[in-house]
Amino acid sequence: MRIISKLFFVSNFVISKITRKQIWKKVRQKIGNIPHLSIDWDDLTDRFIEPVIWVVDHFSDSLGKIFVSLVWLLILFVVGVAYWIGLSFYWNISAELTIALVIFGHWILLNVVFHYYMALITPPGLPPDAEQIPHIKARCKKCQSVKPERTHHCSICRTCILRMDHHCPWLNNCVGHFNHRYFFLFMAYVVLGMIFLFIFGAPVIVHELSISDASEQPIGYPVFHNGSHLLPVKQVEEVTPPRSRSLRRAVSVTVAILCAGILAALGALVGWHARLISKGETSIENLTNKDDREAKRLEGSTFVNPYDYGSYENWRIFLGLSEGRTWRCVFFPSVHPPRGDGISWCFKNDLTHVSYK
């Protein structure tokens with residue numbers, strides 16, 4: 001899980017200077033334990049990270065738009081191939097099975113498109129003006145805005161985000177209190193869609209690859225009838241296989257490779273995020289809480305996460321299952337807001353701090 005955590009932050013650019021320092025500190029500590037290896041880690045870190053920061057600071061907006069366009073194009077490509085190759089394959093087997101697969105597949109597609117679109121357009125949550133929450137005295141050193149609990153500054157968006165998880169280039173947006181659910185369910189339904197395509201796409205790929213080009217060639221040799229006898233044709237033009245067959249194979253293999261990569265990457269991220277949600281943590285809090293746990297361990301005490309209400313209740317809070325909302329809001333598109341305002345949080349020992357909507 002530690003490896004997945006680090007890969008996740010690398011793939012999603014740079015969250016904040018604090019997070020970057022923590023990651024590089026851990027890397028330096030581990031490699032620094034190698035004997036007879038003397039490296040100026042501060043200088044090496046600065047040399048490596050400065051060009052990355054420069055690229056992110058100057059091109060993050062343009063790169064984010066490119067990544068978002070790639071996501072939409074990838075969705076259209078995979079769905080188009082499923083219609084072009086998969087639909088005709090299963091229709092020739094069973095019309096009833098095809099209808100069932102189309103219904104189930106479109107349920108997944110609807111959730112993928114809906115949650116991705118909502119994650120794109122939903123603001124993650126910005127702190128209100130200081131006059132609206134005078135009881136909060138903390139201020140951000142970078143943007144000078146009021147800084148409630150679990151709020152962090154995004155160096156890419158250049159503002160503070162309520163219950164910030166990370167900045168995602170594939171959304172060109174931060175993942176925070178108000179769009180975290182959309183982001184997670186988008187990934188979850190993409191993973192479900194990849195599993196669906198692998199299960200029902202495997203017979204299609206096997207069928208496409210098992211059809212030999214030789215089977216499309218005439219068996220034996222051509223002849224003609226001269227009125228009384230069948231005579232062989234000596235000069236025969238070579239019969240070439242249809243181009244569509246080669247194209248279908250190439251496209252099928254390409255989709256299979258893409259789906260395998262997406263399933264591996266997003267499957268790991270979904271599992272990691274599900275673990276964090278079960279613990280009542282965000283991605284940033286996961287890093288900071290590790291240091292707090294280690295410090296408490298050295299003191300001989302146990303670290304207690306004040307935002308952990310137990311796995312089941314953590315999931316209900318994250319999914320916004322309150323005010324009579326049921327799991328239907330998870331299995332079907334829903335625009336309901338998350339539980340809470342992202343400013344006040346209920347502690348285990350002080351339930352009066354709750355600010356649920």
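Okay, one term before we start: two residues are in contact when they have heavy atoms within 4.5 Å of each other. With that in hand, look at the structure above, which is a predicted model. Among contacts in this chain between residues at least 6 apart in sequence, 67% join residues that are at least 24 apart.

So what is the chain built from? You can count nine helices and six strands. There are 357 residues, and 38% of them are buried. As for the outside, the accessible surface comes to about 20500 Å², and carbon and sulfur atoms account for 65% of that.

Let's zoom in on two residues, beginning with Leu-73. You'll find Leu-73 in helix H3, which covers residues 41-93. Is Leu-73 buried or exposed? The cut-off for exposed is over 50% relative accessible area, and Leu-73 has 54%, so Leu-73 counts as exposed. Leu-73 also has company: together with Ile-66, Leu-70, Leu-76 and Trp-170, Leu-73 forms a nonpolar patch on the surface. Taken together, those residues have about 510 Å² of accessible area.

Now for Arg-248, over in helix H6, residues 243-279. Buried means under 20%, and Arg-248 has a relative accessible area of 18%, so Arg-248 is buried. Which residues does Arg-248 touch, if we skip neighbours within four places in sequence? Those are Trp-84, Ile-85, Ser-88 and Glu-208. With Glu-208 there's a bit of extra detail: the side chains of Arg-248 and Glu-208 make a polar contact, at 2.7 Å.

That's my tour, thanks for listening!

How values were computed
Residues numbered from 1 in each chain as written. Predicted model: local features only at pLDDT ≥ 70, side-chain atom pairs only at ≥ 80, totals over all residues. Heavy atoms only, no water. Helix = DSSP H or I, 4+ residues; strand = E, 2+ residues; numbered from the N terminus. Buried < 20%, exposed > 50% of the residue type's maximum accessible area, 1.4 Å probe, protein only. Areas by Shrake-Rupley, 256 points an atom, 1.4 Å probe, with all protein chains shown as cover. Patch = residues over 30% accessible without salt bridge, like charges linked within 9 Å, V, L, I, M, F, W, Y side chains within 5 Å. Salt bridge = Lys/Arg side-chain N within 4 Å of Asp/Glu carboxyl O. Polar contact = N/O pair within 3.5 Å; in protein donor to acceptor, adjacent residues only side chain to side chain.
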